[in-house]
Amino acid sequence: MGQNVHAGRATPAARCAGPRAAAPPGPELGVQGGGQSREESPGRAGVPRKESATAQSARLQSTAVLPPESPKVCRTRTESGNAGSFGEPAGGPGRAAASRPEPGNRDQGHPGAVSVRAARRPEPGIRPSHTRPEPPPPGRASKCAQPELREHLASPPPEREAPARRVTAPPPSPAPSETSGVVSDWWPVLVTVGVFLSTGGLKAADARKPNILLIMADDLGIGDLGCYGNDTLRTPNIDRLAAEGVQLTQHLAAAPLCTPSRAAFLTGRHAIRSGMAASNRYRTLHWNGGSGGLPENETTFARILQQQGYTTSLIGKWHQGVSCRSRTDHCHHPLSHGFDYFYGMPFTLLNDCDPGRPPTLDAALRARLWAYTQWAALGVLTAAAGKTRGLLAVSWTAVAGAAGLLALWFVAWYASFGFVGRWNCILMRNHEVTEQPMDLERTTDRLLKEALSYIERNKHRPFLLFMSFLHVQLPLVTTERFRGRSQHGHYGDNVEEMDWFVGQILDAVEEHGLTNTTLTYFTSDHGGHLEARDEERGQLGGWNGIYRGGKGMAGWEGGIRVPGIFRWPGVLPAGRKVHEPTSLMDVFPTVVRLGGGEVPQDRVIDGRSLVPLLQGATEHSPHDFLFHYCGKYLHAARWHDKDRGRLWKVHYVTPKFHPQGAGGCYDQGLCPCAGEGVTQHSPPLLFDLSRDPSEARPLSAGSEPLHGPVLARVAEAVEAHRATLSTVPWQLSLSHILWKPWLQPCCGTFPLCSCQEDRDHRGAGRHASGRLPSDA
């Protein structure tokens, strides 16, 4: 999309408004399970009241051993009226226990609540603490204990769950003759309350873990969203997410293409550390039937959260490999990397998935193979004709042998490239192929239905949902209800449908009362694809705003600067923008820490926890240096010079744009990482991003006094970084990339792989109300 299409946004703040008006908080919280006071003791008539029920309850609570790290709760209210607090779901402490039931007990989550009701019915006007609080009067000021929240998040997570509350039996009364009736009448209630407190302590410890919702778009440009400056594409739901949360303006992908970027995101480590970086021209996985993929010894955030009691799910795109040695070993599969549930594409969308579009997978190689086959066939026919006319002294055995070799050659390459849609464009549920080839028109509704169903099924326990969109990757599959709605053709339609999809998920979270207990994150795996265009449909790739370059370019900002939005109402400040360099790799330690886990100590983790930065407890990013790889080649590095307030960027390698003066490699479709298509810079190019974010004015020794010292300091950091790298097997080597029939996922008997999911839920992806976005 050109500058003339997207420019002219006068008031970006209109898209990313500040926080919504603060809603009134709930009432003050009492101790969970405490009894209510009565005016009279239920003892014998004429017996003086030695100790009230309130006093006994207070004495009981004073003997309870509380978890030492339990923070003060902070009650806020959402628009729907559900109360919530940090460490507890909407509804307060009593509801925290109710919202995390044990399997088979979906009503209250523990038997203590039932016992309390059975033992004692509250009097009119007295609300038990395990019921939902009444809405507070309007206009009441919020009493949010933010310092306690920051202190809790700043402390390292405990190695194990906090001890449950212990309740000691009350001491015998000094005057049994006068109080025995009181004790005998109240003893069952006290025991029941003690059980309630004990189980509630365990539930409260579990409830401090937020649900984690990670949403990743595919190929989305940072300039395609309203909250990042676009005023011609409608993205109200993502804009609302930014207005209600923290927006990162210098969020960076670890790689400019899908496979390595997502590997780094999942593991918190540069892809070169896991072997998921390219050692040749193959920079991503090319086949479901290849043997490369995320190694089994890599640890994802899903695996750690799974160990912390989370139920974990990936819905959508994977693109990290499937199998290693056999069709069913699934060593690279999501379920082998910490996910309990998977539904989606093990690969990625391609033009080959749409029979009406020109092929894209290794299109140049495919064209050469077809040309070689045609020339060889012409040679065999010529030999046969010459033999028939007696012009060539060759035997028919030789002609037949040549024809046989040609047939084998053709079958060898056409068996893979001739059926790309059938081999790569499939849907899986866990380990089973459910559709082959996939029906593109119905995929969006299916993925949305799966996401909504997953949230519904797991709303009573902590969950991780990684919603990995197929939008907005080519071939831009958009359902009929969104076609022609945007001002920017097929690409704009796809972006606006994706935003609607995001809105449906956020609505489901809110409808289930999970908003205040869910950390939501939105991003893209890398920058927009500038070279994606054709004569018929025009520009088919994203817009990267003021930033130079795009998808495939590891050094230029447009290839790696992506949206980054975090929302957690009541914990993270609403409407805040952070202008500090951060990375997709930072999500790993951030969610691991919030989920109560520990970052692995047996390997280098490049990401850093963003919790203090997001909350405003610290001013600067935890990163001093960030390194930008194109495959295994280091193209650039940046230094956040916090003392001087400067952000330096050093380019060692840049791609050669074609045609000259263009912003991309339009002759190749993607810019290369090495070879004749790049320029090695000596001395390196130096930019000051704090003053020149578009990287339009390289600095020199004459224009920048710090030119030499900055280059020297960054070179030292690069050497120190390289010293931490170790040799690993390359997962994108030619031997791993090649299609292997014995590894190909198949529905049915190979090679007759074909199946379709049931067709009884067409349109099921619509919201329950059936509403679509307004045309306004």
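In this predicted model, a disulfide joins Cys 665 to Cys 671, with a distance of 1.9 Å from S to S. The torsion about the S-S bond of this pair is about 100 degrees, so the disulfide of Cys 665 and Cys 671 is right-handed. Both of these cysteines, Cys 665 and Cys 671, are buried. The link is one of six disulfides that the structure holds.

Another of the disulfides is formed by Cys 630 and Cys 673, whose sulfur atoms lie 1.9 Å apart. Here the angle about the S-S bond is -75 degrees, and the link of Cys 630 and Cys 673 is left-handed. Cys 630 lies in strand β15, which covers residues 625–630, while Cys 673 sits in the loop between β17 (646–655) and β18 (678–688), so the disulfide ties together parts that are 43 residues apart in sequence. As for their surroundings, Cys 630 is buried, and Cys 673 is buried as well.

A further disulfide is formed by Cys 324 and Cys 331, with 1.7 Å between the two sulfur atoms. An angle of 95 degrees about the S-S bond goes with a right-handed link between Cys 324 and Cys 331, and both residues are buried. Two other cysteines can be placed by their accessibility: because a residue under 20% relative accessible area counts as buried, Cys 227, with a relative accessible area of 4%, is buried, and Cys 258, with a relative accessible area of 4%, is buried too.

From the cysteines we can turn to a charged residue, Glu 704, which is found in the loop between β18 and α19 (707–722). Is the residue Glu 704 buried or exposed? Its relative accessibility is 8%, and Glu 704 therefore counts as buried. The side chain of Glu 704 makes a polar contact, at 3.0 Å, with the side chain of Arg 646. When neighbours within four places in sequence are left aside, the residues in contact with Glu 704 are Arg 646, Trp 648 and Leu 699.

The packing of helices offers another view of the model. Helix α7, made of residues 236–243, and helix α15, made of residues 489–511, pack at an angle of about 50 degrees, and their axes are 7 Å apart. Angles that fall neither under 35 degrees, nor over 145, nor from 65 to 115 count as oblique, and the angle between these two helices therefore makes α7 oblique to α15. On the side of α7, the contact is made by Pro 236, Asn 237, Ile 238, Arg 240 and Leu 241. On the side of α15, the contributing residues are Met 498, Asp 499, Trp 500, Val 502, Gly 503, Leu 506, Asp 507 and Glu 510. By character, the residues of this contact of α7 with α15 divide into seven nonpolar, two polar and four charged.

Finally, Lys 449 lies in helix α14, which spans residues 440–457. The relative accessible area of Lys 449 is 37%, and a value between 20% and 50% means that the residue is partly exposed. Although Lys 449 and Gln 504 are 55 residues apart in sequence, in space they are 10.0 Å apart, taken from C-alpha to C-alpha.

How values were computed:
Residues numbered from 1 in each chain as written. Predicted model: local features only at pLDDT ≥ 70, side-chain atom pairs only at ≥ 80, totals over all residues. Heavy atoms only, no water. Disulfide = S-S within 2.5 Å. Buried < 20%, exposed > 50% of the residue type's maximum accessible area, 1.4 Å probe, protein only. Helix = DSSP H or I, 4+ residues; strand = E, 2+ residues; numbered from the N terminus. Axes fitted to C-alpha atoms, helices over the stretch in contact; angles between N-to-C directions. Contact = heavy atoms within 4.5 Å. Nonpolar A, V, L, I, M, F, W, Y, C, P; charged D, E, K, R; others polar. Polar contact = N/O pair within 3.5 Å; in protein donor to acceptor, adjacent residues only side chain to side chain.
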